[in-house]
Amino acid sequence: MYTPKSAYRIQLRHGTTFRHAADAAGYMSDLGVDALSMSSPFQSVQVGEHGLATVSPAVLDVELGAESGFAKLNSRLAEAGLALIIDLNPSRMPASSENSWWFDVLEWGSRATYAGYFDIDWAGPVLLPVLERPMGEEIEARLLTICFNRRLASIGIGYGGVFYPFEPSSYAAVLDRNETALAAELMGVADQATPEAATKFHREIARILKEADTAALIELAAHLNNVAGDAGWRDAILDLQNWRLVENEAPAARNAGNSSLTVGLRHEQPDVFEDFHREPLSLLQRTQVRGFRVNDIDMLADPEFYTRLLRQRAGEDAFLIADKIVLKGESAISEWQVNGTAGYEFIGTVTDLLIDPQGLSILQRHWSDLDPTTEFAGDHNHVKANILHAAFADDLAQLVQLLTELQPPSEPTMLSRAVVDLATALPVFRAYSKNGTISPFYARTLRSTAAQVSKREGQTPEENDVLSFVLGVMQSPEKTVNAAIAETFSGRFQQLAAAVTASSLEKSYQYTRGPIALDELILKSNVKPDPVGSFHHSMHEKARTEPSGMLATSYSYATKFGEDARMRLLALSEAPERWASAVECWRQSQAGNLVTIENAVVPDAKAEWLLYQTLAAIWPASLLVHDKAGLALVRDELVEFMSSAIRESDWLSLWTGTDKPYGKAVTHYIDRLFADEEFLGDFVETVRPFWLAGALNALSQTVLKLTVPGVPVIRVGSETWDISPTGQFGSHPVDFGELRKALANASQTQLNVLLEDWHSGAVKLRLVQAYLQLRQQRADLFLRGQYIPLHVNGDLADHVVAFYREFEGQYLIVAVPRLCFAMLKQFSSPFLPLSDWEQTSLALPAQLRGVTLRHLMTGIQTKLSANYSLAEGFREFPILTLVSDDNIFEPVET
């Protein structure tokens, strides 16, 4: 089975094409990766703010360079010896005319060739909740038209940039009263049209429209305008269609996530799977593509069935990754036929290791004391419930409708509450079924969740009866009055629970949890009583369950900060009083910039805290307060971040929507900050020690990712400092030429100079290259080697995490520092004070004693004994990695 040693992650689009990626092949090879992980190369469209949906799984994206661009990319990767791992987006497709499958469904309804490809309730027309106002008002405002579309060779409705085709059999009604030869010819072709010959029908329509003279086309357009303006005629025609444009009604087709712009696919149907995967599988056989990353896998009805089928079709040698978060105790993925996950769990694992739990508690207290009246109302379940009702009301209505067909013991309102309670209280993303039955772990989780809900204060016996009924529908569908409906309910409930959890944590939860937001990723991060021991346990589990799964420190759009900005925020927990005092001083000095809106002070105290900590996270360490251009860039990033916080946060929901003054007041506050040179100077001096500790945190995080079990992923641009205010991939094109120059310079610069110049990011680039190249040379050691914790003795034992890897006589020892703010604050570079480490050492097991190892970064060789001094290990570089070269072994006396 193919497993990459490491991967470089590029998000296409936003200015990055196949040719850009091709030009980066040489750089990636120099850096030391052996695989490129890339977003979907197939024709796709942006859906919502962040999502990407595949329009055609058989066509390479024209905007990315189509076949010629991909051929160049493939050739360059082959020359550089790099494999390609591409994203698949199988859970959804855009509900738009660009999607030929969906266009076919709208045009022909239940008779369409692709009618069975989507989750559609054919009891009535497909409801499309896209109208902002009633149709008559939209037509009067000239926002909705009846027209002919020459590109799509069809007559239909145009609205909001989307075209909705009419059923060909309705052309006669549309063109009635039009006594022209063009209308007669169109009706004649439409009258003979069938779903099976749809291509021929559109070819004929295209020919007719092309051959028609301009005057005839103008007359046809005028006729269609008259149809739209005649309410009775228009409504009679719309009644003949397979769809309805509506405002807020529940759609008949299940969308994916919380977007009415997408529609879910049914990969449990063989034709759907084959048609969607035919071209990706062909690329797997004929190009540098060696595997797939499956995005939004939790949105599929049955992920286990899907991955088993994908493995069967892709072959045992393919590298398959599931884009999923695995929470503690979950076991579902062990039954999936994949190498592992995309590795986002590692973000929370490292966060727990590098944060000071006592300092976090102090920060939490200061944050809560800022304004007790704005304390976040409720917990994560509260947030999930709010978002479920706001963004997933249609899905909820569909689930309640399914339950009403199963002879429930109560009315719809009670059923709705039971579904909401279960979905929001579920401690995992979703339950998983196998062969129609929920897996044991998830069945137990559902039962325990229901038991917790039933014990809530105020819960009535009737509500508990309904809860038991819903639980029974999912656990024993065969015992219901209609097993098929019960199984449909169970599957859709599972998809809804996952979508609600991901959406709620992606949006408001991070902004409202308090200082530095451990839940910055879509995970609940719990402070551990033994952070180092918990880290070792997690790595043992990684080695045991998915040693070839990925390791990530950035997660596209769901992380609010770049990976190194997050490490700065963790440093705040190491000096909480110092940080809280600084924030209070800044708030007092800027009090004159506050405004009052409807008796509320804006920005409020907690928004100010969020603003200052974000500025600390994203300010470039080399930026001078007199650099107007640089300040403008940081100002724009901060305004954008705070605008997103205001828009997305449940905590600030009072100020969203039509209430624009809040956002303007926050922007005004930020502008006044950047105009205050005295503040800027004080801010930089105050925050500089946190930046230094954050840089050391970042180096520790990077080395851990590159040495623990798993396949590390380097997000494009994060090989240098990534202090962006958002972790979104590919928000700006990357200049790979400049990166390659920077890599060459870093490779040739002395290590001590790189450390002195740490703010440039060159030291991280040099470090990443050294470890990636080592992974190339010692592939078995990293992919198959044991992970064994090392005991640390001495005064600073709690400030280091150490382990070693071993495979067939090859060794690697790693020791990285943690919680070093107090040691570093007197320095201007991330050199550890060696005098502090003199009494701290690694206790080495017998099998390592007598082995000669080389310091990866300095090249110094060391012959090991029973104890290894960390003062010696950290002498020239603050991270220790010792690696065996020629397996020199001379026993030493103990």
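**Notes on helix packing, salt bridges and backbone oddities**

1. Let me start with Glu584, which is partly exposed at 32% relative accessibility. Bear in mind that this is a predicted model. Glu584 pairs with Arg587 in a salt bridge, and their closest N and O atoms are 3.0 Å apart. Both residues sit in helix α23, three residues apart, so about one helical turn separates them. The Arg587 end is another matter: its relative accessible area is 18%, and because the cut-off for buried is under 20%, Arg587 counts as buried.

2. Arg587 also turns up where α23 packs against another helix. That partner is α14 (residues 357-370), whose axis comes within 9 Å of the axis of α23 (residues 576-589). The two axes cross at roughly 25°, so α14 and α23 are roughly parallel to each other. If you care about handedness, the α14 and α23 crossing is right-handed. On the α14 side, the contact uses Gly359, Ile362, Leu363, Arg365, His366 and Leu370. The α23 side supplies Pro576, Glu577, Trp579, Ala580 and Arg587. What is the mix of classes in the contact of α14 with α23? Six of the residues are nonpolar, two are polar and three are charged.

3. Two of the residues in that contact deserve a closer look: Arg365 from α14 and Glu577 from α23. Their side chains meet in a salt bridge, at 3.6 Å from N to O. This pair links distant parts of the chain, with Arg365 in helix α14 and Glu577 in helix α23, 212 residues apart. Are the two ends buried or partly exposed? Arg365 has 41% relative accessibility and counts as partly exposed. Glu577 is also given 41%, and counts as partly exposed too.

4. Stepping back, how many salt bridges does the structure hold? The count is 41. Another one to inspect is Asp885 with Arg854, where the closest N and O atoms are 2.6 Å apart. Here the pair links strands: Asp885 is in β30 (residues 880-889) and Arg854 is in β27 (residues 851-855), with their positions 31 residues apart in the chain. Asp885 itself is partly exposed, at a relative accessible area of 26%.

5. There is also a network of salt bridges, which links Glu185, Glu204, Arg207 and Glu211. While you are in that stretch, have a look at Ile205, which belongs to helix α8 (residues 198-211). With a relative accessible area of 2%, Ile205 is buried. Which residues does Ile205 touch, leaving aside those up to four places away in sequence? They are Ala153, Ser154, Tyr171, Leu186 and Val189. Ile155 is 50 residues from Ile205 in sequence, yet the C-alpha to C-alpha distance of the pair is 9.4 Å.

6. Now for the backbone. Most residues other than glycine have a negative phi, and most peptide bonds are trans. I would check three places with that in mind. Take the peptide bond from Val602 to Pro603: it is cis, with omega near -10°. Pro603 is in the loop between β20 (600-602) and α24 (605-618).

7. Arg13 comes next, with a positive phi of about 80° although it is not a glycine. Where is Arg13 placed? It lies in the loop between β1 (7-10) and α1 (18-23). Arg13 has 12% relative accessibility and counts as buried.

8. The third place is Ala66, a residue other than glycine whose phi is positive, near 50°. Ala66 is in helix α3, which covers residues 66-80. Its relative accessible area is 15%, which makes Ala66 buried.

9. Last, a quick word on Ala632, in helix α25 (residues 628-648). Is Ala632 buried or partly exposed? It is partly exposed, at a relative accessible area of 36%. Ala632 and Leu281 are 351 residues apart in sequence, and in space their C-alpha atoms are 47 Å apart.

Technical notes:
Residues numbered from 1 in each chain as written. Predicted model: local features only at pLDDT ≥ 70, side-chain atom pairs only at ≥ 80, totals over all residues. Heavy atoms only, no water. Helix = DSSP H or I, 4+ residues; strand = E, 2+ residues; numbered from the N terminus. Buried < 20%, exposed > 50% of the residue type's maximum accessible area, 1.4 Å probe, protein only. Axes fitted to C-alpha atoms, helices over the stretch in contact; angles between N-to-C directions. Parallel < 35°, antiparallel > 145°, perpendicular 65-115°, else oblique. Left-handed = near helix turned anticlockwise from the far one by under 90°. Contact = heavy atoms within 4.5 Å. Nonpolar A, V, L, I, M, F, W, Y, C, P; charged D, E, K, R; others polar. Salt bridge = Lys/Arg side-chain N within 4 Å of Asp/Glu carboxyl O.
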